[in-house]
Amino acid sequence: MKLIQRYCYLLLFGLVFPLATVDAVAASETTIKAGEQKRFTASDLVAQNNLTRVTGVEVIQTESGLELVLETVAGSERLVPLIVPEGNNLVIDIFDATLAFSIRNGVTELNPAPGINRVTVNQGEDNSIQVRIAGENQTPNAEVVSGRDDLVLTFRLGSPTL
């Protein structure tokens, strides 16, 4: 009788355990596939902890054009902009950054300064923020001003000065 019980246990564990392992592997593959469809992986979760959170956006008209301040939490990683002209627009991508909950839907300012039609700040893809400065008749010039915690960008129209 004991021999039959041992055989049943071996048979049971021999068949059930491998099936449970296959199911666990299939479940993890399903999770990965679902994550790939959403472009969301475990490394994204880890990276989210290192994102710099923009907590406020301030658009200020100046004598020479416009100043855009992206406010961050004191002591966070510095925001590094990638500025690319696109027609009469400047497109500024800021990677490893996210908008705070209070401004998650973005910020838009219409006609903030002469010659500038619109400023938009939106959450981009892949943990980035995108800023667009739309010039009326020409592409605005941009300058990054070093700030202690915040990113300050100044924009003006006309020829860049060296």
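Here are some numbered notes on this structure, which is a predicted model.

1. Let's start in the middle. The largest nonpolar core holds 21 residues. Leu70, Ile94, Val131, Ile133 and Phe155 are the ones with the most contacts inside this core. Six strands give two or more residues each to the core: strand 2 (66-72), strand 4 (89-95), strand 5 (97-99), strand 7 (116-123), strand 8 (128-135) and strand 10 (151-156).

2. Take a look at Val131 next. If you skip its neighbours within four places in sequence, Val131 is in contact with Leu68, Leu70, Leu90, Val91, Ile92, Ile94, Thr120 and Val121. Try finding these residues in the 3D view, with Val131 as your starting point.

3. Is strand 8 mostly covered or mostly open? Mostly covered: six of its eight residues are buried. Keep that in mind when you look at the strands paired with strand 8.

4. On to those partners. Strand 4 and strand 8 run antiparallel and are joined by seven bridges. To find your place in this pairing, look for Val91, which stands opposite Arg132 in strand 8.

5. Strand 7 is also paired with strand 8, again in the antiparallel sense and over seven bridges. Here a handy marker is Val119, which stands opposite Ile133 in strand 8. Follow the chain from strand 7 to strand 8 and you trace a hairpin, with four residues between the two strands. In that turn sits Asp126, with a positive phi of about 55°.

6. Why is a positive phi worth a second look? Because most residues other than glycine have a negative phi. Asp96 is another case, with a positive phi near 55°. You'll find Asp96 in the loop between strand 4 and strand 5.

7. Asn111 isn't a glycine either, yet its phi is positive, at about 45°. This residue belongs to a strand, namely strand 6 (residues 107-113). Is Asn111 buried or exposed? Its relative accessibility is 57%, so Asn111 counts as exposed, the cut-off for that being over 50%.

8. Last, the rings. How many aromatic pairs are there? The count comes to zero. There is still something to see at Phe101, though: Arg104 lies over the face of this ring, at 4.0 Å from the ring centre.

Note on methods: Residues are numbered from 1 along each chain as its sequence is written. This is a predicted model: local features need pLDDT of at least 70, side-chain atom pairs count only at pLDDT 80 or more; totals for chains, interfaces and linings use all residues. Side-chain values use heavy atoms; hydrogens and water are left out. A nonpolar core is a set of buried Ala, Val, Leu, Ile, Met, Phe, Trp, Tyr and Cys residues joined through side-chain atoms within 4.5 Å. Buried means under 20% relative accessible area, exposed over 50%, partly exposed in between (1.4 Å probe, protein chains only). Contact means heavy atoms within 4.5 Å. Two strands pair if DSSP finds at least two bridges between them. Rings of Phe, Tyr and Trp (its six-membered ring) pair if their centres lie within 6.5 Å; planes under 30 degrees apart count as stacked, over 60 as edge-to-face and the rest as tilted. A charge sits over a ring if NZ of Lys or CZ of Arg is within 6 Å of the ring centre and within 35 degrees of the ring normal.
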